[in-house]
Amino acid sequence: MGITLKSPAEIDAMRVAGRLASEVLDFLTPHVMPGVTTLQIDTLAHDYMVNVQGTTPATLNYSPPGYPPYPASLCTSVNHEVCHGIPAERPLKNGDIVNIDVTVITKDGWHGDNSRMFVVGEGSIAARRLCALTFEAMWKGIVKVKPGARLGDVGHAIQLFAENSGFSVVREFCGHGIGQRFHEEPQVLHYGRPGTLEELVPGMVFTIEPMINAGRRDIREDRKGGHYDGWTIVTKDRSLSAQWEHTVVVTETGYEVLTVSAGSPPAPAFATAGYGTPVAVAA
Ligand code: MF3
Ligand code: CO
Ligand code: CO
C-alpha cells in the first residue's frame, strides 16, 4: 500500500478527528481517581464517543491478523502494563499510573489516535518522573519532524533522551501512519540512528507513541495462570512502563500536532521556544 500523503482537505478532516480523540481524554481526566475501575472509564468513554461526539471507538472489535477482536473502546495500561491493557473490574488505587489510549473514527472515516499518562492520587516521585520524562521523550521525537528529516532522526532523539534519563525503550511496538485506516505505513520506531529510514514529506500523518520502561526493555505477554487475553503486554521485570501518544502531520516547514484540545498538556519549553516564547538574544 505504501505511505499515503494527505491533501490539505484531508488534513482538515484529520484535525477534527485528532481534536475529538484528545477531547475524549479531557472528558475522562476528572474521572481518573482512586476507586474507579478501568471498565467504568471504558463505559464513560464509549458513551461520550458514540452519544456525544458521534464518533466510533476504533479499538472496539479491532482484529488485526493473529489477534482476537479487541473487546473495549479504549486501552488502559496500569503500572507494569506496557500497552493494550483491557479495561477490567479492578479499581484504580492511590499511586497507580495508567495510560489511557483513545482512537476515534469520525463520521467521514478519519482516525485520531492519542494517549496520556495519569497518576492516580499521589504517586511516588519515581512514578511521576517516569511519566513526565516519557512525555518529554515523545516531544523530543515530535520536534524532529520536518520535510527532509528521516524517521531515524525521530527514533534516535527519543532513544537518546530516554536512555540518558536511565530508562529503556520498548522495541516491539511502534508508532504508525494513520488516516482512513487505523494502522498504515510507515512504522515509526522509537529508537534508531539519525539519517536512516523514510524521508519525511509534507502530508505524511503518523503517530509518535514511545513506550518507556523504568527497568529493562524486555516485554512479555501477560499470562495469568496460563491464560492470555490476547492483548495485554507487560514488562518482563515488572518495572513500571509509561507511554504518551500524539498524531502529527508533516507540514511545509515542520510539524503540526493534530491531537490537541483545550485540555492537552502544553508542549514543553524546548518545543515552543522561538514560537512566541521570549528567547534571550546576545547584545
Ligand atoms: N491505540 C493503539 C495505538 O496507539 C492501538 C490499540 S489496538 C487495540 O496504536 F486493539 F489494542 F485497541
Ligand atoms: Co497509535
Ligand atoms: Co493509540
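How do the residues of the lining of the largest pocket divide into nonpolar, polar and charged? The close-ups below come from a predicted model, and we start with that pocket.

**View 1. A look into the largest pocket.** Here's the count for the lining: 13 nonpolar residues, nine polar and six charged. The pocket itself holds about 580 Å³ of space. Altogether 28 residues line the largest pocket, and the closest to its centre are His84, Phe173, Cys174, His176 and His183. Three strands, E4, E7 (175-177) and E8 (184-188), each chip in at least two residues of the lining.

**View 2. The cobalt ion (ligand 2) and the residues that hold on to it.** His176, listed in View 1 for the pocket, turns up again here, coordinating the cobalt ion (ligand 2) through NE2. Asp113 (OD), Glu209 (OE) and Glu245 (OE) coordinate this ion too, and the distances run from 2.0 to 2.2 Å. Read along the chain, the donors follow the spacing D-x62-H-x32-E-x35-E. Why is the arrangement around this ion irregular? Its six donor atoms subtend angles of 51 to 162°, and that spread makes it so.

**View 3. Asp113, shared by two cobalt ions.** Zoom in on Asp113 and you'll find that it coordinates both the cobalt ion (ligand 2) and the cobalt ion (ligand 3), which sit 3.3 Å apart. Asp113 belongs to strand E5 (residues 111-119), while Glu245 is in the loop between strands E13 (241-243) and E14 (246-250), so the pair ties together parts that are 132 residues apart in sequence. Are these two residues buried or exposed? Asp113 and Glu245 are both buried.

**View 4. Strand E4, tucked inside.** Strand E4 covers residues 97-105, and eight of its nine residues are buried, so the rest of the structure largely encloses it. Strand E1 (residues 56-57) pairs with E4 in the antiparallel sense over two bridges, with Thr56 partnered by Ile105. Strand E2 (residues 75-78) also runs antiparallel to E4, joined to it by four bridges. One of the bridge partners there is Val98, which goes with Val78.

**View 5. The hairpin made by E4 and E5.** How many bridges join E4 to E5? There are nine, and these two strands run antiparallel. Five residues come between the strands of this hairpin, and in the turn Gly109 has a positive phi of about 95°. Look across from Asp113 in E5 and you meet Thr103. That's the Asp113 from View 3, the one that coordinates both cobalt ions, ligand 2 and ligand 3.

Methods:
Residues are numbered from 1 along each chain as its sequence is written. Chains are lettered from A and ligands numbered from 1 in the order in which they are written. This is a predicted model: local features need pLDDT of at least 70, side-chain atom pairs count only at pLDDT 80 or more; totals for chains, interfaces and linings use all residues. Side-chain values use heavy atoms; hydrogens and water are left out. Donors are N, O and S atoms within 2.8 Å of the metal (3.2 Å for Na, K and Ca); water is not among the atoms, so sites may look incomplete. Four donors count as tetrahedral if all angles lie between 85 and 135 degrees; four count as square planar and six as octahedral if opposite donors are over 155 degrees apart and all others between 65 and 115; anything else is irregular. Buried means under 20% relative accessible area, exposed over 50%, partly exposed in between (1.4 Å probe, protein chains only). Two strands pair if DSSP finds at least two bridges between them. On a 1 Å grid over the protein atoms alone, a cavity is a set of points where a 1.4 Å probe fits but cannot get out, and a pocket is an open set with protein on both sides within 12 Å along at least five of seven lines; lining residues have an atom within 4 Å of a point. Grid points are joined across faces, edges and corners, and a volume is the space filled by probe spheres set on the points. Ala, Val, Leu, Ile, Met, Phe, Trp, Tyr, Cys and Pro count as nonpolar, Asp, Glu, Lys and Arg as charged, and the others, Gly among them, as polar.
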